[in-house]
Amino acid sequence: MSLKSFNTEFTRFLFVGVVNTLSYYSIYLLLHNLFSLPYMFAHVIAFLISLNVSFFLNTYVTYKVKPTLKKYLYFPLTQVVNMSVSTILIFVFVEYLKLNSNIAPFAAVLFTVPITFIISGKIMKDPVRQK
């Protein structure tokens, strides 16, 4: 098996996802533990920061496309589902399943990766349609 076989769009997406998740999780832990912000507030702030990291990593590394203002403005729309699902999952994991609030965001990511790959690929690769 050659290295080229590992250089697929999905494997690049996973690599970018790991980097982005680490940046999100680091920011989340910093805000939640060091600055004592409530877990949900820390989640939202960390998510918004990592959204920008994700956009640029996905344009340059995953999809190898030129970042444009239109794509940048549309990219957050791809994350609406991700944000909604991850927020609900974090709440359920912490409040109902009694999962530690430091682990809940990581657990939620496992469910949102496939959804995010499909949606972000549509925005990054398809031309933005004019109305």
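## Exercises on helix H1

**Exercise 1.** Check the span of helix H1 (residues 9-34) against 1.5 Å a residue.

*Solution.* H1 has 26 residues. The expected span is 1.5 Å times one less than the number of residues. That gives 38 Å. The end C-alpha atoms are 36 Å apart, which agrees. Helices here are DSSP runs of H or I, at least four residues, numbered from the N terminus.

The model is predicted: local features need pLDDT (the predictor's confidence in each residue, from 0 to 100) of at least 70, side-chain atom pairs count only at 80 or more, and totals for chains, interfaces and linings use all residues. Residues are numbered from 1 along each chain, and side-chain values use heavy atoms, without hydrogens and water.

**Exercise 2.** Find what the buried residues of H1 pack against.

*Solution.* Start with the buried residues (under 20% relative accessible area, 1.4 Å probe, protein chains only). Among them are Arg12, Phe13, Val16 and Tyr24. They pack against H2 (39-62), H3 (69-96) and H4 (104-125).

**Exercise 3.** Classify the crossing of H1 and H4.

*Solution.* The axes, lines fitted to C-alpha atoms over the stretch in contact, come within 10 Å and cross at roughly 130 degrees. H1 and H4 are therefore oblique (outside under 35, 65 to 115 and over 145 degrees). The contact (heavy atoms within 4.5 Å) includes Phe13 and Tyr24 of H1 and Val113 and Thr116 of H4.

**Exercise 4.** Is Thr116 buried or exposed?

*Solution.* Thr116 lies in H4. Its relative accessible area is 10%, so Thr116 is buried. Beyond neighbours within four places in sequence, Thr116 contacts Phe13, Gln79 and Asn82.

Definitions and conventions. Helices (H or I, at least four residues) and strands (E, at least two) are DSSP runs, numbered from the N terminus. Buried means under 20% relative accessible area, exposed over 50%, partly exposed in between (1.4 Å probe, protein chains only). Axes are lines fitted to C-alpha atoms, for helices over the stretch in contact, and angles run from 0 to 180 degrees between N-to-C directions.
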